[in-house]
Amino acid sequence: MNAAATTSSFPSLPIDKNLPEAERLRLAADVSAQHFEHLLGFLSYLDSNSTAMVRRAWQFADQAHRNQWRSSGDPYITHPIAVAGICANWKLDAQALSAALLHDAMEDCGITKDDLRQQFDETVAELVDGLTKLDKLHFNSREETQAESFRKMLLAMAKDVRVILIKLADRTHNMRTMGDMPRSKWGRISSETLEIFAPIAHRLGLNQSYRELQDLAFRHLHPWRYETLEKAIAKSRTRRNDLVQRVHNEVEATFKRVGLPARLAGRENTLFVLYQKMQRNHLSFAQVTDIYGFRIILPTTTDCYTALGVLHQLYKPVPGRFKDHIAIAKTNGYQSLHTTLVGPSGVNIEFQLRTESMHIVAEAGVAAHWLYQSEGRQQEALNTKWLQSLLDIQTETRDASEFWDNVKVDLFPDSIYVFTPKSKVFSMPQGATAIDFAYAIHSNVGHHACGAVINGEVASLRTVLKSGDVVAITLDENAAPNAMWLNFAKTGRARSKIRNHLKTVAQTESAALGEQLLTQALREEGIADLPSDEEAQDALWQAILKPGQTQTELLSDIGLGRQVATLVAQQITAYLQHQGQRPDALLLTQQRFTQGNRPQRSVILDSQNRTATHYAPCCTPVPGDEVIGYLGHGDGLHIHRSDCPEAQRLLERQPERHIAVEWGEDIHNDHLYNANITLAVQNGRGVLARIAQVLADSDVDIRRVDIEDESAMQTTVLRFTIAVHDQLQLESALRALRRNAAVRSCSRVLAP
């Protein structure tokens with residue numbers, strides 16, 4: 001019995017909307033009762049108490065959805081009953097079936113979680129809550145709403161995987177009845193199904209649902225293409241019946257001759273799979289040869305490999321088309337041997353060989369836990385690794401769109417298999433790099449990775465991995481993630497770990513900068529120190545902070561420029577005055593006397609506030625330059641040369657964001673700073689190489705070179721972006737360049 005067999009037999013009984021309301025409601029009650037009685041026919045696996053619970057859920061949902069109608073004219077209650085029917089096909093328990101019947105009650109009928117908790121139990125309430133969309137909240141975009149809905153569903157399904165099973169059943173029935181919806185909704189819902197729900201079904205091993213969702217989405221996204229391909233398949237099926245029967249007979253006879261007990265079943269690729277092959281390989285339908293295939297079920301794993309050898313003796317295998325998913329199972333638990341053979345008349349035919357237990361998992365995936373538990377067959381793992389990976393991502397990613405991007409990467413099923421030196425296998429998505437592998441091992445391995453050894457060869461962290469690679473990660477205790485890693489990290493886990501680390505460091509450093517700025521602003525208000533008493537300090541911060549905000553978050557906001565230190569200092573001063581503490585008159589006088597147009601105390605630029613500080617690309621300041629600071633709106637402190645026109649323009653518009661800054665004593669030791677220089681050089685062979693050698697001898701890194709196209713002239717202008725420790729090193733490099741015979745002139749570019 002498949003999912004379609006369970007629910008397609010629920011009759012569609014639309015009720016004329018022009019009937020009197022009382023008559024319409026009476027007919028709706030009859031339809032609801034008929035549908036539920038039909039559902040009861042599939043619940044024989046439940047005991048009487050469980051069946052009674054499902055009946056109560058139907059009665060509750062029937063009352064909640066009273067006078068609600070589907071687009072087809074059917075009573076709305078027919079949809080929850082059909083969803084419960086799909087879940088019954090998977091042999092889900094009474095709690096899950098009850099949640100399936102109630103899954104729209106909270107969203108559409110004003111039923112609360114407490115109502116469900118009182119009427120049923122905590123588990124049913126949690127399941128329904130996990131399924132409920134967040135329509136009552138307001139987000140910036142539909143994508144953010146979608147991301148937040150998925151995040152909530154993820155949290156629930158991490159606790160109980162039945163949430164996602166009910167959600168997939170809900171989406172399957174909506175796709176089956178899509179024809180009743182307005183045509184304008186087809187594209188959005190079908191695209192979402194293809195991009196999100198079908199891959200989730202695949203990830204959970206629900207291959208039957210996966211294939212059905214793909215085909216239904218294809219049918220409504222491209223109706224004309226679907227219909228054309230469907231007709232072509234029907235004609236092809238008629239023409240090739242004899243060929244398929246011949247292959248079936250030959251394989252069956254061969255297995256019987258060698259004494260292998262095997263069960264053969266023909267299978268046909270879905271329309272969407274064929275369409276993908278045609279699109280990907282630019283083929284016409286006539287050029288697609290492997291439309292048909294066979295699934296062979298055998299008693300043991302050893303029999304699978306024996307049968308493979310027998311098949312390869314019977315028909316020639318197509319090179320490169322053999323996959324062993326028994327030795328290396330897919331991440332969703334799928335196991336099978338795949339081989340493509342050249343059958344009679346040169347037609348390619350795919351064979352899948354597996355045991356009965358593998359077949360159960362291949363078709364039902366995570367649902368096999370309930371579907372076959374009565375027979376003592378339990379799926380070994382319920383795909384907990386993938387669920388845990390998503391849970392890790394959501395824990396570390398607070399931005400909805402960022403979370404959504406990370407999740408989408410992990411949804412798509414194409415995988416490679418990579419090994420550690422100790423032969424432990426890791427499944428990674430196509431395009432994964434060495435840094436993804438490092439984070440797959442452990443977050444600490446990723447954080448301290450500095451290189452990799454792939455198949456015995458030294459490689460960088462950006463190297464793209466291939467199936468079969470043996471990878472060892474080189475570690476350094478002083479290494480740490482940097483933003484450049486996000487350019488080549490592919491997996492959601494790696495990207496979320498890197499981003500979370502960078503944000504944590506940024507918040508710590510911006511909070512330290514914010515503390516400096518607030519201390520400085522308080523001194524300008526005549527407050528040298530905050531109350532030393534811990535209780536008084538707690539009361540102060542409680543009065544100043546916004547609801548839910550911490551002191552660290554406030555200081556971080558000041559350091560990032562989201563809040564102005566002067567205004568916060570004035571709030572604190574007003575609070576302290578209300579508590580009876582007066583500003584220090586001597587300090588206030590001293591500050592005003594020495595301040596003028598410039599605060600007395602400066603922010604020291606050192607390695608402690610590196611992440612919260614940005615060196616402006618317009619004037620490229622380096623240690624030794626006279627500099628000023630501008631507090632940006634949410635992105636920290638921007639350092640400009642004091643003679644930079646852009647800085648002057650910003651400070652004229654917002655003088656309150658002017659921050660005095662000074663170079664720390666050790667700032668030049670541990671960091672390189674960009675500087676722009678321009679050279680006029682004599683045209684000639686090898687000039688650029690000689691200039692580069694001069695810079696290298698000065699221990700200067702070249703970050704960028706721009707050359708004007710003046711090949712016909714005697715001189716050419718070169719523009720370099722170089723990296724130096726400080727102004728002294730820069731001046732030394734410029735002097736060395738001026739001594740070179742090919743250089744006519746050179747200077748530093750100080751402004752745009």
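## Helix pair and a small sheet

In this predicted model, helix H2 (residues 21–40) and helix H3 (residues 48–64) have axes that come within 12 Å and cross at roughly 160 degrees. That angle makes H2 roughly antiparallel to H3, because angles over 145 degrees count as roughly antiparallel. The crossing in which H2 passes H3 is right-handed.

If you would like to pick out the contact in your viewer, H2 contributes Ser32, Ala33, Phe36, Glu37 and Leu40, while H3 contributes Thr51, Val54, Arg55, Trp58 and Asp62. Sorted by class, the contact of H2 with H3 holds five nonpolar, two polar and three charged residues.

Now to the sheet. Three strands, in the order S10-S9-S11, form an open sheet with antiparallel pairing. S10 and S11 stand at the edges with a single partner strand each, so one side of each has no neighbour in the sheet. On average, neighbouring strands here are turned by 30 degrees against each other, direction ignored.

Here are the strands with their residue ranges:

| Strand | Residues |
|---|---|
| S9 | residues 449–454 |
| S10 | residues 457–459 |
| S11 | residues 471–475 |

Strands S9 and S11 run antiparallel and are joined by five bridges. To see how they line up, look at alanine 452, which stands opposite isoleucine 473 in S11.

What packs on the sheet, touching S9 and S11? Helix H20 (residues 434–441) does, and its direction makes about 85 degrees with that of S11.

Methods
Residues are numbered from 1 along each chain as its sequence is written. This is a predicted model: local features need pLDDT of at least 70, side-chain atom pairs count only at pLDDT 80 or more; totals for chains, interfaces and linings use all residues. Side-chain values use heavy atoms; hydrogens and water are left out. Axes are lines fitted to C-alpha atoms, for helices over the stretch in contact, and angles run from 0 to 180 degrees between N-to-C directions. Helices (H or I, at least four residues) and strands (E, at least two) are DSSP runs, numbered from the N terminus. Angles under 35 degrees count as roughly parallel, over 145 as roughly antiparallel, 65 to 115 as roughly perpendicular and the rest as oblique. A crossing is left-handed if the near helix is turned anticlockwise from the far one by less than a right angle, and right-handed if clockwise. Contact means heavy atoms within 4.5 Å. Ala, Val, Leu, Ile, Met, Phe, Trp, Tyr, Cys and Pro count as nonpolar, Asp, Glu, Lys and Arg as charged, and the others, Gly among them, as polar. Two strands pair if DSSP finds at least two bridges between them.
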